Amino acid sequence: MAVPEERFPLLGRGAHQAFLADSSDRPLTMRGVTDTDLPELLRVDREVFPDDPYPYFVLRQHIDVHGDRILVLDDGECLHGYVLFVTTSDGYVCWVLSLAVSADQRGRGLGKRLMLEVLRQLRRERVREVRLTVEPTNAAAITLYRTLGFDTDGGMHRDYLGPGEDRLIMVLGLGSA
Ligand SMILES: CC(C)(COP(=O)(O)OP(=O)(O)OC[C@H]1O[C@@H](n2cnc3c(N)ncnc32)[C@H](O)[C@@H]1OP(=O)(O)O)[C@@H](O)C(=O)NCCC(=O)NCCS
């Protein structure tokens, strides 16, 4: 499946210019991952999730198995974020497995843009439900997901990702018939 590429407009062209270029004013491109992105993908993942980054082999094989399900933010020299989402084999449910924006790029709408593109693709594919896990203390992510319509599926899932790794599960119905 071709992954649509979105190139954010250059600075000064619109109302949303605050998030349209990186700190060096290089325009950011949202596009599908490629094999050559692996070193940068690892770097961003380790920067954003220092306590629990993906091992090399996991990201390597995510790209091998479902590279069309990884979108990256690229300024032409480095990556500034990514989202990884995988749909179950019955095609009904998609799990967003990872969403990351570099610390120096947060608060500019980039996380939301990545998620909106994921939801756009999933609606087109008639996926019925999107699910994700989030740490109960992660206010930024929880607020972002709520603004997109996600809600928790109920209470806390104790030890969901291992001992002491409680998670909320947030769910968004896409309303496909
Ligand atoms: C969560 C994360 C992806 C958000 O990315 P971002 O690019 O900063 O988010 P955006 O700028 O697109 O924000 C979109 C909305 O999310 C909410 N939000 C974002 N950061 C927030 C914060 N620090 N506190 C509260 N709400 C926040 C706001 O509602 C915001 O909309 P607004 O700017 O109109 O108020 C980013 O903080 C991140 O990578 N965090 C570390 C990794 C992580 O927690 N990933 C998610 C794991 S489930």
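Here a trainee and a mentor talk through a predicted model of a protein with a ligand.

Trainee: What makes up the protein, in helices and strands?
Mentor: There are four helices and eight strands. From the N terminus on, they run β-β-α-α-β-β-β-α-β-α-β-β.

Trainee: Why is Arg106 said to be near the ligand?
Mentor: Being near takes a C-beta atom within 6 Å of the molecule. Arg106 is among the 19 residues around the ligand, and is listed with Gly111, Lys112, Ala140 and Leu144 as those that come nearest. So Arg106 counts as near the ligand.

Trainee: Which elements supply at least two residues of that shell?
Mentor: Strand 5 (93–101), helix 3 (110–124) and helix 4 (139–147) do. Helix 4 gives the largest share, six residues.

Trainee: How many residues of the shell are nonpolar, polar or charged?
Mentor: Ten are nonpolar, six polar and three charged.

Trainee: Now the largest nonpolar core. Why is Val72 called buried?
Mentor: Val72 is one of the 34 residues in that core. A core takes in buried residues, and buried means 20 or more other C-beta atoms within 10 Å. So Val72 must meet that cut-off. Along with Tyr82, Val83 and Leu114, Val72 touches the most other members.

Trainee: What does Tyr82 touch, leaving out residues up to four places away in sequence?
Mentor: Leu41, Val44, Ile70, Leu71, Val72, Leu73 and Ala100. Each is in contact because its C-beta atom lies within 7 Å of the one of Tyr82.

Trainee: What share of the protein counts as buried?
Mentor: Of its 177 residues, 27%. In soluble globular proteins, nonpolar side chains tend to be buried together.

Technical notes. Residues are numbered from 1 along each chain as its sequence is written. This is a predicted model: local features need pLDDT of at least 70, side-chain atom pairs count only at pLDDT 80 or more; totals for chains, interfaces and linings use all residues. Ala, Val, Leu, Ile, Met, Phe, Trp, Tyr, Cys and Pro count as nonpolar, Asp, Glu, Lys and Arg as charged, and the others, Gly among them, as polar. A nonpolar core is a set of buried Ala, Val, Leu, Ile, Met, Phe, Trp, Tyr and Cys residues joined through C-beta atoms within 7 Å. A residue is buried if 20 or more other C-beta atoms lie within 10 Å of its own, exposed if 12 or fewer, and partly exposed in between; C-beta atoms are placed from the backbone. Two residues are in contact if their C-beta atoms, placed from the backbone, lie within 7 Å.
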